[in-house]
Amino acid sequence: MQMKNKLIISRRAAIITGLSAAMGTILTNSCTKPLPPTYGNILRMGDVFTYEAQRALLDVKALAKEYNFSDISSFPATGSINPSDASLPGFNVDYELLHRNQFVNWKLPIEGCVARPGKYSMDDIKKFKSRTQITRHTCEEGWSAIAEWTGTPLGLLLHHAGIQAKARFVNFISYDNYNISIDMFDAFHPQTILAYGMNGRNLPIQHGAPIRARIETQIGGQSVKYIKKIVVTDHFVDTGDNGWAWYMGI
Ligand SMILES: Nc1nc2c(c(=O)[nH]1)N[C@H]1C(S)=C(S)[C@@H](COP(=O)(O)O)O[C@H]1N2
Ligand SMILES: [Mo]
């Protein structure tokens, strides 16, 4: 039986195809290999291969797959699901106050290695060009779901804030104290957005209101909810050595 040729090369196939090239780069080009900031931490050895392989593939790396409306699925909420509820883990009194006023007083500070540090209100953020994408969220705990997300590309905000050449990491600090950092490649990836809309509505509380990140290049746990502050740094700040790798590309 003859196999039908697949005309469309999937993102995963492109990554696998490029893997041997990446391995070549890793093995022969040890002076310039892109090491993850967690290099040397024995508990995070997995970062080295995933990060090296994916970063060596920048030129063939496609966008994460986007889906159609008909693919949108039910979507569980996990981790913190409401930092305004004192009976739940992740409770935060500042968040509770903001929530009580429908987040009208919420502002997002962008600080650190930027020429113009400042605070952005929701109206400020919505003035930037928005991006809507229907993507699959894959949780490291074994479930996945598809939703439509609308938000502002993080790169637009970073440019607006005057990101400096020395910037290397974007650190997200959230109201429930779930903090992660990403490198500049993921920060400026066109599908990395600060999402304020989900499935055509305002982002619900359980999914991270008023704004969450969507980082479609990595596993779902990196898409931090309830964002409180963004700090750009020229060095790695390890805010979350929680047993998971720093880098979890998919
Ligand atoms: N602030 C914050 N962001 C978070 C989490 C969290 O507990 N707090 N959980 C993460 C994990 S592990 C997953 S799978 C997704 C869950 O997003 P959802 O609740 O919208 O399904 O959010 C991620 N972002
Ligand atoms: Mo997750």
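Guide: Let's start with a definition: Ala, Val, Leu, Ile, Met, Phe, Trp, Tyr, Cys and Pro count as nonpolar, Asp, Glu, Lys and Arg as charged, and the others, Gly among them, as polar. Keep in mind that this is a predicted model.

Visitor: Then how many residues of each class are in the shell around ligand 1?

Guide: The shell holds ten polar, eight nonpolar and four charged residues.

Visitor: Which of the 22 residues around ligand 1 come nearest?

Guide: Those are Pro76, Asp176, His207, Arg212 and Lys225.

Visitor: And how do I find the space where a ligand might be?

Guide: Rolling a probe the size of a water molecule over the atoms shows where empty space is left. In this model, the largest pocket has a volume of about 610 Å³. It is lined by 36 residues, and Glu140, Tyr178, Ile180, Gly221 and Gln222 are the closest to its centre. Sorted by class, the lining has 15 polar, 14 nonpolar and seven charged residues.

Visitor: Where does ligand 1 sit?

Guide: Ligand 1 sits in that largest pocket.

Visitor: Which polar atoms should I look at around the ligand?

Guide: Try the nitrogen atoms of ligand 1. One lies 2.7 Å from a polar side-chain atom of Asp176, and a nitrogen atom is also 3.1 Å from a polar backbone atom of Ser223. Then turn to Lys225: an N or O atom in its side chain is 2.5 Å from an oxygen atom of ligand 1.

Visitor: How much of the ligand's accessible area does the protein cover?

Guide: On its own, ligand 1 has 530 Å² of accessible area, and the protein covers 95% of that.

Conventions:
Residues numbered from 1 in each chain as written. Chains lettered and ligands numbered in written order. Predicted model: local features only at pLDDT ≥ 70, side-chain atom pairs only at ≥ 80, totals over all residues. Heavy atoms only, no water. 1 Å grid on protein atoms, 1.4 Å probe; cavity = no way out; pocket = protein on both sides within 12 Å on 5 of 7 lines; lining within 4 Å. Points joined across faces, edges and corners; volume = space filled by probe spheres on them. Near = heavy atom within 4 Å. Polar contact = N/O pair within 3.5 Å; in protein donor to acceptor, adjacent residues only side chain to side chain. Areas by Shrake-Rupley, 256 points an atom, 1.4 Å probe, with all protein chains shown as cover. Sits in = over half its atoms within 2 Å of the grid points.
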